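Please read the explanation below alongside the sequence and the 3D structure. The route goes from the sheets to the cores and then to the aromatic pairs.

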Amino acid sequence: MTGTISWLQFRVGDQLHALDAAPVRQILRSPKLLALPLAQRHPHCAGLMAWQGRPLLVLDLGACLLRRPSLSRGDARFLVWSQAQQAGVLAVDDVGGLLRLSATTLTRHWAPVQPGLRPPWNAIRGLLHAGAPSLVEPSIPQAPWAEPIAVFDVAALWHACWNAGGAQP
């Protein structure tokens, strides 16, 4: 690993998580959502949102990860992501700052996840642990984290939530 790696922090319930910041194109509050008949059958789908002339499915991470909708709070944030030919929207409870870690620091604070986790947790790339104030971007005032942070692959998380929700009756 070389250079600096950036992850966007987000909250779902009381849990702090992160995902690679590069695919995140925009963070929105209260976008207009179109309810779909499919959304009524899919427990994680909050509806459809137009973004740059493209319809994107919105998945609720609270419903997917905690079985408690993030949208029920009324002040959810919407992370629009795009990677290669894929794109989608993830609704989360809140968005925090960026974690910018050097390769050297990351080596000391990264724990890879072993295969075998069930969806959607199989989208975790690794855990960041034992944070120190020097790990957080200096321009964002924030306390160091005390518990491990699950770092997700955004596309894998979106697909895992979609597939997990679709498997339910």
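The paragraphs that follow describe a predicted model.

One of the sheets is open and has five strands in the order β3-β6-β7-β5-β4, with mixed pairing. Its edge strands are β3, residues 24-29, and β4, residues 45-51, and each of these pairs on one side only. Direction ignored, neighbouring strands of this sheet are turned by 25° against each other on average. Strands of a sheet pair through backbone hydrogen bonds, and the pairing can be parallel or antiparallel.

At the β3 edge, the partner is strand β6, residues 77-83, and the two pair in the antiparallel sense over five bridges. Within this pairing, L28 has F78 of β6 as its bridge partner. At the other edge, six bridges join β4 to β5, and these two strands run antiparallel. L48 stands opposite L57 of β5. The two strands β4 and β5 form a hairpin with two residues between them, and Q52 in the turn has a positive phi of about 50°.

Strand β5 also pairs with β7: three bridges join the two, which run parallel. Here the bridge partner of L59 is L90 in β7. Five of the seven residues of β5 are buried, so this strand is largely enclosed by the rest of the structure.

A further open sheet has six strands, again with mixed pairing, in the order β8-β1-β2-β11-β10-β9. Its edges are β8, residues 94-102, and β9, residues 110-112, each pairing on one side only. The average turn between neighbouring strands of this sheet is 30°, direction ignored. Strand β10, residues 124-128, is joined to β11 by four bridges, and the two run antiparallel. In this pairing L128 stands opposite I149 of β11.

The cores come next. In soluble globular proteins, nonpolar side chains tend to be buried together. In this model the largest nonpolar core has 27 residues, and those with the most contacts inside it are L8, L19, L61, L90, F152 and L157. The elements that give two or more residues to this core are β1, β5, α2, β6, β7, β8, β11 and α4. Its largest share, five residues, comes from α4. What does L61 touch, not counting residues up to four places away in sequence? The list is F10, V12, L66, S70, L90, A91, V92, L157 and C161. Apart from the largest core lies another core of eleven residues, among them M49, V58, V89 and A91.

One of the contacts of L61 is S70, which lies in the loop between α2, residues 61-66, and β6. Is S70 buried or exposed? S70 has a relative accessible area of 0%, so this loop residue counts as buried. Leaving out residues up to four places away in sequence, S70 touches V12, D60, L61, G62, A63, A76, A91, V92 and D93. The C-alpha atoms of S70 and V12 are separated by 7.0 Å, although the two residues are 58 residues apart along the chain.

The aromatic residues complete the route. A pair of aromatic rings is described by the distance of the centres and the angle of the planes. How many aromatic pairs does a search of the whole structure find? The search finds five. In one of them, F10 and F152, the ring centres are 6.5 Å apart and the planes stand at 40°, so the pair is tilted. F10 belongs to strand β1, residues 4-12, and F152 to strand β11, residues 149-152, so the pair ties together parts that are 142 residues apart in sequence. F10 counts as buried at 0% relative accessibility, and F152 is buried with a relative accessible area of 0%.

The rings of W81 and W158 have their centres 6.2 Å apart and their planes at 65°, so this pair is edge-to-face. W81 lies in strand β6 and W158 in helix α4, residues 154-166, so the pair ties together parts that are 77 residues apart in sequence. W81 counts as buried at 1% relative accessibility, and W158 counts as buried at 8%. Ring pairs also link F10, W121 and F152 into a cluster. F152 is thus named here and among the residues with the most contacts inside the largest nonpolar core.

Key:
Residues numbered from 1 in each chain as written. Predicted model: local features only at pLDDT ≥ 70, side-chain atom pairs only at ≥ 80, totals over all residues. Heavy atoms only, no water. Pairing = 2+ DSSP bridges. Axes fitted to C-alpha atoms, helices over the stretch in contact; angles between N-to-C directions. Phe/Tyr/Trp six-rings, centres within 6.5 Å; stacked < 30°, edge-to-face > 60°. Buried < 20%, exposed > 50% of the residue type's maximum accessible area, 1.4 Å probe, protein only. Contact = heavy atoms within 4.5 Å. Core = buried A, V, L, I, M, F, W, Y, C linked by side-chain atoms within 4.5 Å.
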